[in-house]
Amino acid sequence: MSDALSVLVTGATGFIGSRLVPELVDRGHRVRAMTRHPERYDGPGDPVAGDVGDPGTLAAPLDGVDVAVYLVHSLDDDDFEDKDAEAARAFGLAAAASGTRQIVFLGGLGKDGTDLSAHLRSRREVERLLGGSGVPVTVLRAAIVVGAGSISWEMTRQLVKNLPAMVVPRWAATRTQPIAIDDVVRYLAGVVGREEAFGRTFEIGGADQLSYVEMLQQAAEIIDGHRVPVLTVPVLTPKLSSYWISFVTDVDTTTGRNLIDSMGTEVIVTDHAIRDLVPGEPLTYAEAVRRAVAEGP
């Protein structure tokens, strides 16, 4: 493909999409920002109307597009697995009909063949369905994305801010590999139009492998200047944890439960192939937190 491409970004007003669109524009691409309400869009690129939940709206935004970046999910819905599957299937069909040459998708990190949570299982299904009509899919799998506005970061920030001490379940000792939003955007933009990335899956992560307790402690040090006391208890189910999260933070119970369900599975990068395609050292968790704090709120 040529350097200047026509790129459609779904979820253009979301946490990741709103940062990716300006990056792609800066790189010289012709970017369409897909949203259900283009009249309200005030970012860079060309706003286009489209809704992955309504297949009839997808032909127009995809017309003439070289690369489509798929950044949509329904974690705040109890029926998110079915909704996300239907949307991915419809989008793959529409992309194939329009002649799109590549779909880029941000999925969830985690080993195949393990006992995946509903959230991670759904991410895998979306990967498969997006490519079901023949368009090559480039998948980037990430764990927690750290940045102002992400649900995971908001949970962390508000827990640290609102609690002088924490009682956490055993799964809080599970290791994960958080990644800064700046690195996610860099990797996403870096694979757009790269034919050597077509049909491939890459794992992306930050510089550190940490338990959820260590993430909370480091965040507390940066936000408040000291660590919070943490007590681990053996019995605290994901359902109970989600009620606790929704009580202490403004993250709703359904979203919290769907995220927490994934936290008992270790999710760390085991394949570093993305470094060959998109060179550069990822940020540390501490630096990602500092940048998120500086951005606000």
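**Questions about a predicted model**

Modeller: Welcome! This is a predicted model, and a good place to start is its largest nonpolar core, which has 36 residues. Among these, Val9, Leu20, Leu106, Leu140, Val184, Leu188 and Ile204 touch the most other members.

Biologist: Which helices and strands each supply at least two residues of this core?

Modeller: The strands are β1 (6–9), β2 (30–35), β4 (67–70), β5 (102–108) and β6 (137–142), and the helices are α1 (17–26), α6 (181–191) and α10 (274–277). The largest share, seven residues, comes from α6.

Biologist: What is Val184 in contact with, leaving aside its neighbours within four places in sequence?

Modeller: Val184 is in contact with Ile16, Leu106, Val145, Ile179 and Ile204.

Biologist: What makes Glu81 and Arg121 a salt bridge?

Modeller: The N to O distance between their side chains is 3.6 Å. The cut-off is 4 Å, so a pair at this distance qualifies. Glu81 is in helix α3 (residues 80–98) and Arg121 in helix α4 (residues 118–130), 40 residues apart.

Biologist: Why is Glu81 called partly exposed?

Modeller: Its relative accessibility is 31%. Buried means under 20% and exposed means over 50%, so a value in between counts as partly exposed. Arg121, at 43%, falls in that range too and therefore counts as partly exposed.

Biologist: What ties helix α4 to helix α3 through Arg123?

Modeller: Arg123 in α4 pairs with Asp84 in α3, so parts that are 39 residues apart in sequence are tied together. This salt bridge has an N to O distance of 3.2 Å, and both Arg123 and Asp84 are buried.

Biologist: How do you know that Glu154 forms a salt bridge with Arg157?

Modeller: Their closest N and O atoms are 2.8 Å apart. That lies within the 4 Å limit, so the pair is counted as a salt bridge. The two are three residues apart in helix α5 (residues 151–162), which means they are separated by about one helical turn.

Biologist: Are Glu154 and Arg157 buried or exposed, and why?

Modeller: Both are buried, because Glu154 has a relative accessibility of 12% and Arg157 has a relative accessible area of 14%, while the cut-off for buried is under 20%.

Biologist: How many salt bridges does the structure hold, and which residues do shared partners join into one network?

Modeller: The structure holds 16 salt bridges. Asp182, Glu287, Arg290 and Arg291 are joined into one network by salt bridges that share partners.

Biologist: How do you know that β4 pairs with β5?

Modeller: There are four bridges between β4 and β5, in the parallel sense. Pairing needs at least two bridges, so these strands qualify. Val69 stands opposite Val104 in β5. β1 and β4 also run parallel, joined by three bridges, and Leu8 stands opposite Ala68 in β4.

Biologist: What makes both faces of β4 covered?

Modeller: Val67 and Val69 on one side are buried, and so are Ala68 and Tyr70 on the other.

Biologist: Where do α5 and α7 meet?

Modeller: Trp153, Thr156, Arg157, Leu159 and Val160 in α5 meet Leu216, Ala219, Ala220, Ile223 and Asp224 in α7. The axes of α5 and helix α7 (residues 212–224) come within 9 Å and cross at roughly 65 degrees, and the crossing is right-handed.

Technical notes. Residues are numbered from 1 along each chain as its sequence is written. This is a predicted model: local features need pLDDT of at least 70, side-chain atom pairs count only at pLDDT 80 or more; totals for chains, interfaces and linings use all residues. Side-chain values use heavy atoms; hydrogens and water are left out. A nonpolar core is a set of buried Ala, Val, Leu, Ile, Met, Phe, Trp, Tyr and Cys residues joined through side-chain atoms within 4.5 Å. Buried means under 20% relative accessible area, exposed over 50%, partly exposed in between (1.4 Å probe, protein chains only). Contact means heavy atoms within 4.5 Å. Axes are lines fitted to C-alpha atoms, for helices over the stretch in contact, and angles run from 0 to 180 degrees between N-to-C directions. A crossing is left-handed if the near helix is turned anticlockwise from the far one by less than a right angle, and right-handed if clockwise.
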